[in-house]
Amino acid sequence: MILVNFIIFFLNMLYTLFNTFSRVFRLSPPNPFNKDSRKPRKPYEHDPEARSYVLQQNFSIDKVPSALDAVVIGSGIGGLTTAVILAKSGKKVLVLEQGKVAGGCCSTIPEQGLNFDIGVHYVGEMGDNSFCRTFFDQITDGQVEWTKLEDQFDIVYIGDKHKQRIYPVTAGLENWKVLLKEQFPAETIGIDQYFAHIHTCENAKFIFGALKMMPLWFVHLLVKTGILRVVTNMWKDAYTRSALELVQDLTHNHDLQTMLLYYWGDVGTLPSRTYFSTMALISKHLNLDGSYYPIGGPSELPFNMIPIIEKAGGRVLVSADVDEIFFTKGKVSSVCVKHNGEKFTVPCKMVISDAGLYNTIMKLVPTLVAKNSYYYEIANELSEPCMTVISCYAGLDGTPEQLGIKPQNYWFFLKGDDIDKEVKEYLNADLEDLIKPEADIPSGFISFNSAKDPEWNMLKERRGKTTMEILIVANWDWFKDWKNVEHKGTEYKHIKEAFGNKMIARAVEMFPKIKDRIIFRRVGTPLAYDHAIRKHHGGMYGLDHAMARYAPWMEARLRAKTDLPGLYLTGQDVLDSGVVSAAFSGALTAQACLGRPVLWDLYQLHTKLFKQRRK
Ligand SMILES: Cc1cc2nc3c(=O)[nH]c(=O)nc-3n(C[C@H](O)[C@H](O)[C@H](O)COP(=O)(O)OP(=O)(O)OC[C@H]3O[C@@H](n4cnc5c(N)ncnc54)[C@H](O)[C@@H]3O)c2cc1C
């Protein structure tokens, strides 16, 4: 504790010096978080047309502002966060999004008057006093509100309908520990050890974040000499062993093993290939004080961030497919944008890519230039993305109350004897066999996001309706041959519908009241993620960070500022997957672009607001 206080004191001193010199010698741009920017919440906008006026501004060359400070490729939460922070520091930024709507994974898909979320089911650490909450309040000017899910925010079903066990997970790590001990009274020692391992990883996010901010030569020294493991606690089992190994050592009870690993789908890599520390980070994030959902749906994030970018003279334009980043004399000089079959050149000295590491380095940067960068090697080594999924969106006739649904997420595991092995066997099985009516799905995730949103009923068409989203893990190879096929034909449709039938059947088993209430459904394969939000091979969370962490040196080198002058990366590939991590990576990138300690600026504001609240 004394050491932590000393470090904070030391950083504060440095910060004061930095600010004084900056002001006197104009060394860096203004502090983007110099004042609390929260404003009273405006009335929610439900009119689709008014929303599309903000979220769907089509690209045209005359909408491109002159004298741009930066171009951001991709309007996911990472790209928008960087753009907002740069805008708050007085920069004029153009965000170019290839899709028809801004927001990336935070956008929603309209279908028959209902809205389905792409990539947000729950988010952690949004309690009133948290640092994350201050961050999100500031990047949305206080316009995004969060509602808490049920205390039992995840419910885990293990077994088939004949022998089903249902285990709720409750908010707060201590509470969950107590609940697990009630559910597995003979396993208290293993459960205690599990939580001790989670606490071991208390500082994991600071360590990984710090590694990305320190000078590379210094990180190299720390990693190669082994000093890093000694000065941190990274030599402990939680950092050096896989989640699967560690949990299997704690207990032989299969249901408990499943419970301790059930959220591997939030990580995106099987527990046998994930360091325990990565699981611990997610567990702490989602379970610190419960889980939250953005009121009005995830698209409230882009909807309220875009005006901040525009206020500083920037724009967020969609249907703007960046095809190439041009370099002149080794430096970024412009980007080529494809729109309606035409190509346009947008000059800029700084390009920030939220399009993912692989896409950026292997597809957007000219190969000859890319090969000069050490990112080329990393992109090659991490070309295998994390897991991909098949999704089934269904519209249900009935309110959550009528259908027996609460603001929760539901996970299912058909056997739950060894979830890692069961998924591996499934992914390696013959597709012909998997789509047979008698074949089962080993596991999956079901969420009813409309049931989480207090604003859902404000639109007349949605009243009395509920949305259901089902996700199951999939293999990219099952679908890759159809990637560039425009009319995919009956075989593709047959496979999609076969999976859709199984997913719906499983959901009906778990929620019998929805049986005759399904109005429509839409099944999406990994090709949808590959196409709509450009996820390489459909990898739902982008690159496989769990893999990268097997080589901390590689993870440390994966940072916002690349070694190609003028090119920066942002989004989930830089730090970690998840809305909060992608947004924080947006702040890291803004920090690198502005050359000022943006995260420390934010921390200062957070401390000030916290003190004010306590008075
Ligand atoms: C199914 C699913 C469920 C999820 N559930 C949760 C959850 O419950 N909680 C949570 O915290 N996280 C969840 N996530 C993860 C989270 O949504 C993401 O980690 C995060 O939103 C990623 O943000 P990003 O900015 O890195 O990228 P993205 O949101 O993927 O944005 C990247 C954008 O770049 C655009 N782009 C790519 N190439 C180009 C180009 N050449 N030109 C122009 N634009 C381009 C894409 O179209 C896309 O809009 C989920 C993700 C998925 C897919």
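Contact here means heavy atoms within 4.5 Å. I need that for helix H4 further down. I also keep in mind that this is a predicted model.

**Entry 1: the whole chain**

I started with a tally: the chain has 27 helices and 20 strands. The radius of gyration comes out at 24 Å, close to the 25 Å that the globule rule gives for 615 residues, so the chain is as compact as a globular protein of that length. I then looked up the extent of the C-alpha trace, which spans about 75 × 60 × 55 Å along its principal axes.

How much of the chain is buried? Buried residues make up 60% of the 615 residues. For contacts with a separation of 6 or more, I found that 76% are between residues 24 or more positions apart. The exposed area is about 26,400 Å², and carbon and sulfur atoms supply 55% of it. I checked the charges too: there are 71 positive and 69 negative ones, and their mean positions are 7 Å apart.

**Entry 2: helix H4**

H4 covers residues 131-139, and eight of its nine residues are buried, so the helix is largely enclosed by the rest of the structure. I noted the buried ones, among them Cys-132, Arg-133, Phe-135, Phe-136 and Asp-137.

What covers the buried residues of H4? My list includes helix H3 (77-88), strand E6 (146-148), helix H15 (300-311), helix H26 (579-594) and helix H27 (598-614). After H4 comes Asp-141, and its phi is positive, near 50 degrees.

**Entry 3: helix H27**

H27 turned up in the cover of H4, so I looked at it next. Its 17 residues should span 24 Å at 1.5 Å a residue, and the end C-alpha atoms are indeed 24 Å apart, which agrees. Buried residues in H27 include Val-598, Leu-599, Trp-600, His-606 and Leu-609.

**Entry 4: helix H14**

I ran the length check on H14 (residues 276-287) as well. At 1.5 Å a residue, its 12 residues should span 16 Å, and the end C-alpha atoms are 16 Å apart, which agrees. Is H14 enclosed or open? I found 12 of its 12 residues buried, so H14 is largely enclosed by the rest of the structure. The buried residues include Phe-276, Met-279, Lys-284, His-285 and Asn-287.

**Entry 5: Leu-261**

Leu-261 sits in helix H12 (residues 254-261). Its relative accessibility is 2%, and buried means under 20%, so Leu-261 counts as buried. Which residues does Leu-261 contact, leaving aside its neighbours within four places in sequence? They are Ala-243, Leu-244, Val-247, Pro-271, Met-279 and Ile-419. Met-279 is one of the buried residues of H14, so I have met that name before. I also looked up Ile-227, which is 34 residues from Leu-261 along the chain; their C-alpha atoms are separated by 31 Å.

**Entry 6: two positive phi angles**

Ser-319 has a positive phi of about 55 degrees although it is not a glycine. I found Ser-319 in the loop between strand E10 (315-317) and strand E11 (321-328). With a relative accessible area of 19%, Ser-319 is buried, because the cut-off is under 20%.

His-537 is not a glycine either, and its phi is positive at about 55 degrees. Where is His-537? Its place is in the loop between helix H23 (526-532) and helix H24 (545-548). At 30% relative accessibility, His-537 counts as partly exposed.

Methods. Residues numbered from 1 in each chain as written. Predicted model: local features only at pLDDT ≥ 70, side-chain atom pairs only at ≥ 80, totals over all residues. Heavy atoms only, no water. Helix = DSSP H or I, 4+ residues; strand = E, 2+ residues; numbered from the N terminus. Expected span 1.5 Å × (residues − 1). Buried < 20%, exposed > 50% of the residue type's maximum accessible area, 1.4 Å probe, protein only. Rg over C-alpha atoms; globule rule 2.2 N^0.38 Å. Areas by Shrake-Rupley, 256 points an atom, 1.4 Å probe, with all protein chains shown as cover. Lys, Arg positive; Asp, Glu negative; His and termini not counted. Charge placed at Lys NZ, Arg CZ, Asp CG, Glu CD.
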